[in-house]
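Visitor: Could you take a close look at one part of this model and show how it is set among its surroundings? I should like a connected account with the criteria stated.

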Amino acid sequence: MQISGSEQESIDLYGLSRAQLAALLQSWGYSDYHAAQLWRSLYRSSEFSLQSGKDLRSDLVTRLRSSARAEPLAVYTQTDSADGFTRKFLLRLSDNQMIETVLMRFQGRATACVSTQVGCAMGCVFCATGQMGFTRHLAAGEIVGQVLHIRHLLHKRGETLRNVVLMGMGEPLHNYDQTMLALEIIMDHNGLALAPKHITLSTVGIVPGIRRLADEQRPFRLAVSLHAATDAERAALVPPARRWPLDELIAACRYYSRQRRRRVFFEWTLIAGKNDTADQAHALGQLLHDLDAHVNLIPLNPTLGYQGIPAHQTSANSFQAILSMYGLPSTIRQRRGIDIAAGCGQLRARETTPPAFSIPPSLEQPNG
């Protein structure tokens, strides 16, 4: 990647890896010492600003102000869930596009759910982002900026960010290079220093991207959105399945698991009467029986563009019991932020108040 301070468009410092930042400053005549100092200021200071230029050489600050930027993402709106633990942010980008980012707080830990695109081209029928279509990829700095926003918010509360999940708007492997650059920045041990084991990338199943992750030995966790165990049923829910059928997808997942010696996580949105049946559970168990896998079962979250309804708790429990017969571990995912459209599959950038949704009581506890 060539970086020049003479570029007309200013350089987003949050979109540069530590090596790229050092190369930029070297091209301006500054040593690695000054690059390391700037890097620390960017990621170890909770209130860094080029306007103050604190702890940096004045001439370097002048050069940075004329050629670069390090602006926080602008918050257009924020919405709090009635659960008391979930907050959704509508963030405005420099070109006035919007993305959504979610903070989820659990006992003893906090998770940032970040977006990698404005919209999504994958078109999954039950996903609000897929329903809005694709606008553009996010740059690495825009992905990193979401993590910084959540971290700064938590810092003010005396809390720390533990987990990052790339499960927001967009398909990360469709925006492969910028997503990988962002993760390199997020994991850098001299910066945000988020451990790879606490970072999860979720994909709808782009086979070349999964194989590339394996070949490049990417260290974070992989989650694959599956949702059906036959090609016809999966294609009806997830259009990319028409391009990469299940045999190719599962082969890529096996390859990834062997190369990385890692478990693959599979996401299964439970839709009543469609994929919550015993037949589908047995088909899934057979499909994954020889793979180091874990299945996350997610009762469908409501969206305005899809008429399906979530599986009943008893169906979810029965589905999970069948998977256990195949020795396949699974978890029924805890639902958060559904009332503010902040749950899995609900993110969709909008300037108006998101629709209010409620969780049917039958999904909160087994039928007694």
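**Helix α2 and the helices beyond**

Guide: The buried residues of α2 are His 34, Ala 35, Gln 37, Leu 38, Trp 39, Ser 41, Leu 42 and Tyr 43, where buried means under 20% relative accessible area, exposed over 50% and partly exposed in between (1.4 Å probe, protein chains only). The model is predicted, so local features need pLDDT of at least 70 and side-chain atom pairs pLDDT 80 or more, while totals for chains, interfaces and linings use all residues. Residues are numbered from 1 along each chain as its sequence is written, and side-chain values use heavy atoms, without hydrogens or water.

Helix α2 covers residues 32–44, 13 residues in total, and reaches 17 Å from its first C-alpha to its last. Helices (H or I, at least four residues) and strands (E, at least two) are DSSP runs numbered from the N terminus. The buried residues of α2 pack against α1 (18–27), α3 (58–67), α5 and α6, contact being heavy atoms within 4.5 Å.

Two of these partners, α5 and α6, also meet each other. Helix α5 (residues 140–156) and helix α6 (residues 176–187) have axes 8 Å apart and pack at an angle of about 40°, which makes α5 oblique to α6. Axes are lines fitted to C-alpha atoms, for helices over the stretch in contact, with angles from 0 to 180 degrees between N-to-C directions; under 35 degrees is roughly parallel, over 145 roughly antiparallel, 65 to 115 roughly perpendicular and the rest oblique. On the α5 side, Ala 140, Ile 143, Val 144 and Val 147 take part in the contact. On the α6 side, Gln 178, Thr 179, Leu 181, Ala 182, Ile 185 and Ile 186 do so.

A second pair, α7 and α9, offers a contrasting geometry. Their axes are 9 Å apart and the angle is about 10°, which makes α7 roughly parallel to α9. From α7, Val 207, Ile 210, Arg 211, Leu 213, Ala 214 and Asp 215 meet residues of α9, among them Leu 249, Ala 252, Cys 253, Tyr 255, Tyr 256 and Arg 260. Each of those six α9 residues also belongs to the buried set of that helix. Besides α7 (207–215), the buried residues of α9 pack against β11 (221–225), α8 (231–237), β12 (264–270) and α10 (278–287).

The ends of this pair lead to two backbone features. Arg 261, just after α9, takes a positive phi of about 55° although it is not a glycine. Arg 261 is placed in the loop between α9 and β12 and is exposed, with a relative accessible area of 78%. Gln 217, in the loop between α7 and β11, likewise has a positive phi of about 55° without being a glycine; at 38% relative accessibility, Gln 217 counts as partly exposed.

A loop may also hold a buried residue. Met 122 lies between β7 (117–119) and α4 (128–132), and at 13% relative accessibility it counts as buried. Leaving aside neighbours within four places in sequence, Met 122 contacts Glu 171, His 174, Val 204, Ile 206, Pro 239 and Pro 240.

For the wider setting, the chain has 12 helices and 14 strands, and 54% of its 368 residues are buried. Among contacts with a separation of 6 or more, 66% join residues 24 or more positions apart.

Key:
The expected span of a helix is 1.5 Å times one less than its number of residues.
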